[in-house]
Amino acid sequence: MSPAKRPFLDKTHPETYKALAGVTRHVRRAERAAGLSRALTELVNVRVSQLNGCPACLSVHVPAARRAGVSELKLDLLPSWQDAEVYTEEERIALELAEALTIGRRTTGTISGPELVDVQNRALRTLGEEKFTALEWAIITINAFNRVSIASGHPPHEANYS
C-alpha cells in the first residue's frame, strides 16, 4: 500500500523552508569555523536520518558521507556503531550525542536531566566548546529536515545513485 499523498511543506511554504535552509548554511559555517570535519557531520547526519527513518535524507546524506571520505565499512556498520571498533573517539561521542538528542534512551525514547547532561559533558570534554556546540546545532538541524521530509513524504533522491 502506498502512503497517502501529502503536500510537500517546502513547496507549500517555500519561505519557511528557505529560512530553515538558511539556518543550515549558518550551521555549516559554524562547523567549519569550529574545525568539525565534513565526514564527521555527514556520519552524524546519516545516523540521525537512520534513527528517524527518513529515506529522502538518507538518499542525500549517505552519498554525501561517501564524498566526504566516510568509509563503506563505517557506513555499513553504523546501526551497530556501539559494538564496532572502527570508529574514532570523536566519532563515538558524536554518535552518542546524536542519539541522545534524537531518540534518547532506547527503553523510553527520552533522555533528560542527569543522563543528557552526562552525555553532553562527555562530548564537551572530548570535542571542546566550539565543536560541541556546532555539532549540537548540526544534530538539531538534521532532525528538523528529517521531520519536514517525513511529514511531506519526500521520495528518495534517486539521482544521487545514477
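**Briefing: a buried asparagine, two nonpolar cores and a surface patch**

N45 is buried (under 20% relative accessible area, with a 1.4 Å probe and protein chains only), its own relative accessible area being 7%. The model is predicted, so that local features need pLDDT of at least 70 and side-chain atom pairs count only at pLDDT 80 or more, while totals for chains, interfaces and linings use all residues. Residues are numbered from 1 along each chain as its sequence is written, and side-chain values use heavy atoms, leaving out hydrogens and water.

**Around N45**
- N45 is found in helix α3, where helices are DSSP runs (H or I) of at least four residues, numbered from the N terminus.
- Leaving aside neighbours within four places in sequence, N45 is in contact (heavy atoms within 4.5 Å) with R38, H61, A138 and I142.

**Nonpolar cores**
- The largest nonpolar core, a set of buried Ala, Val, Leu, Ile, Met, Phe, Trp, Tyr and Cys residues joined through side-chain atoms within 4.5 Å, has 19 residues, and V44, L97 and I139 are among those with the most contacts inside it.
- Two or more residues of this core come from each of α3 (38-52), α6, α7 (113-127) and α8.
- Another core, of eleven residues, lies apart from it and includes V46, V62, V70 and Y87.

**Helix α6**
- The end C-alpha atoms of α6 (residues 89-102) are 20 Å apart, which agrees with the 20 Å that its 14 residues should span at 1.5 Å a residue, the expected span being 1.5 Å times one less than the number of residues.
- Among the buried residues of α6 are E91, E99 and T102.

**Helix α8**
- I140 is found in helix α8 (residues 129-152), and is partly exposed (between 20% and 50%), with a relative accessible area of 46%.
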